[in-house]
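Me: I'm new to this one and would like a quick tour. Could you show it to me, and then I'll ask my questions?

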Amino acid sequence: MTEALDTVFAALADPTRRAILSMLLEDDMAVTDVAEPFDISLAAISKHLGILTKAGLISQEKRGRVKWCKLEPDALRSASVWMQGFGQFEPVNLEAFERFLERELDDGA
C-alpha cells in the first residue's frame, strides 16, 4: 500500500499532471486534446500520461486511431483516506499562537 501511495503522490507532485487531471474531470479526452493547452511536446505529454496511468489516476484506451484518456477517480481514495487521518487535529490559529508567543517572550525579558 505504501508503494502505491508513493506513486500517487509522486504523480500529483507535478503541476502539469495536476492540470491534466483537472481537465479530465470534465470528460474523457483524446491525447492530442490533452496536449493542446500545454507549451510542451506531444512526447512530453505522453510521458506525463504514462506516469498518471502507472499511478492508476487515469486509464488510456485506443478508439480507432485515437488514444483516449479517462480519469479514474477511485484511484485517489487511498490517498484521501490517508490524508483524512490528519484531519483529527485542530487547525492552528496562527494569530492566537503569535499573541501567546509575544506574551511569553515579554514575560521572560
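Reply: Sure. First, a bit of vocabulary: a patch here is made of residues with over 30% relative accessible area and no salt bridge, and nonpolar side chains are joined into one within 5 Å. Also keep in mind that this is a predicted model.

Me: Okay, so which residues form the nonpolar patch on the surface?

Reply: To join a patch, a residue needs over 30% relative accessible area. Leu101 in helix H6 shows how that works: at 37% relative accessibility, Leu101 counts as partly exposed. Together the members have about 390 Å² of accessible area, and they are Phe97, Phe100, Leu101 and Leu105.

Me: And which residues form the negative surface patch?

Reply: Let's start with one member, Asp106, which lies in helix H6, residues 94-108. Asp106 is exposed, with a relative accessible area of 59%. The full set in this negative patch is Glu95, Glu98, Glu102 and Asp106.

Me: Let's move to the sheet. What is the order of its three strands?

Reply: Take the pairings one by one. S1 (residues 29-30) is joined to S3 (residues 66-71) by two bridges, and these two run antiparallel. S2 (residues 58-63) also pairs with S3 in the antiparallel sense, over six bridges. That makes an open sheet with the order S1-S3-S2.

Me: Which are the edge strands?

Reply: In the order S1-S3-S2, look for strands that pair on one side only. S3 has partners in both S1 and S2. The edge strands are therefore S1 and S2.

Me: Which residue in S3 stands opposite Ala30?

Reply: Strands of a sheet pair through backbone hydrogen bonds, either parallel or antiparallel. Here S1 and S3 run antiparallel. Opposite Ala30 in S3 you'll find Trp68.

Me: In S3, what is the bridge partner of Arg63?

Reply: S2 and S3 pair in the antiparallel sense, and their hairpin has two residues between the strands. One bridge in S3 has Lys67 as the partner of Lys62. For Arg63, the partner is Val66.

Me: Which residue in that hairpin takes a positive phi?

Reply: The hairpin is the one made by S2 and S3, with two residues between the strands. The phi in question is near 70 degrees, and the residue is Gly64.

Me: Now for charges: how many salt bridges does a search of the whole structure find?

Reply: Side chains of opposite charge can pair when their charged atoms come close. Asp28 pairs with Arg63, the closest N and O atoms being 3.1 Å apart. Glu61 also bridges to Arg63, with 3.4 Å between the closest N and O atoms, and Asp74 meets Arg77 at 3.3 Å, N to O. The total is three.

Me: Which residues are linked in a network of salt bridges?

Reply: Arg63 is the link to follow, as it bridges to Asp28 and to Glu61. Asp28 lies in the loop between helix H2 and S1 while Arg63 is in strand S2, so their pair ties together parts that are 35 residues apart in sequence. The network is Asp28, Glu61 and Arg63.

Me: What about the pair of Asp74 and Arg77: is Arg77 buried or exposed?

Reply: The cut-off for exposed is over 50% relative accessible area. Asp74 passes with 53%. Arg77 has 51%, so Arg77 is exposed.

Note on methods:
Residues are numbered from 1 along each chain as its sequence is written. This is a predicted model: local features need pLDDT of at least 70, side-chain atom pairs count only at pLDDT 80 or more; totals for chains, interfaces and linings use all residues. Side-chain values use heavy atoms; hydrogens and water are left out. Two strands pair if DSSP finds at least two bridges between them. Helices (H or I, at least four residues) and strands (E, at least two) are DSSP runs, numbered from the N terminus. Patches are made of residues with over 30% relative accessible area and no salt bridge: like charges are joined within 9 Å, nonpolar side chains (Val, Leu, Ile, Met, Phe, Trp, Tyr) within 5 Å. Accessible areas come from the Shrake-Rupley method with a 1.4 Å probe; for residues, only the protein chains shown count as cover. A salt bridge is a side-chain nitrogen of Lys or Arg within 4 Å of a carboxyl oxygen of Asp or Glu. Lys and Arg count as positive and Asp and Glu as negative; His and the chain ends are not counted. The place of a charge is taken as NZ of Lys, CZ of Arg, CG of Asp or CD of Glu. Buried means under 20% relative accessible area, exposed over 50%, partly exposed in between (1.4 Å probe, protein chains only).
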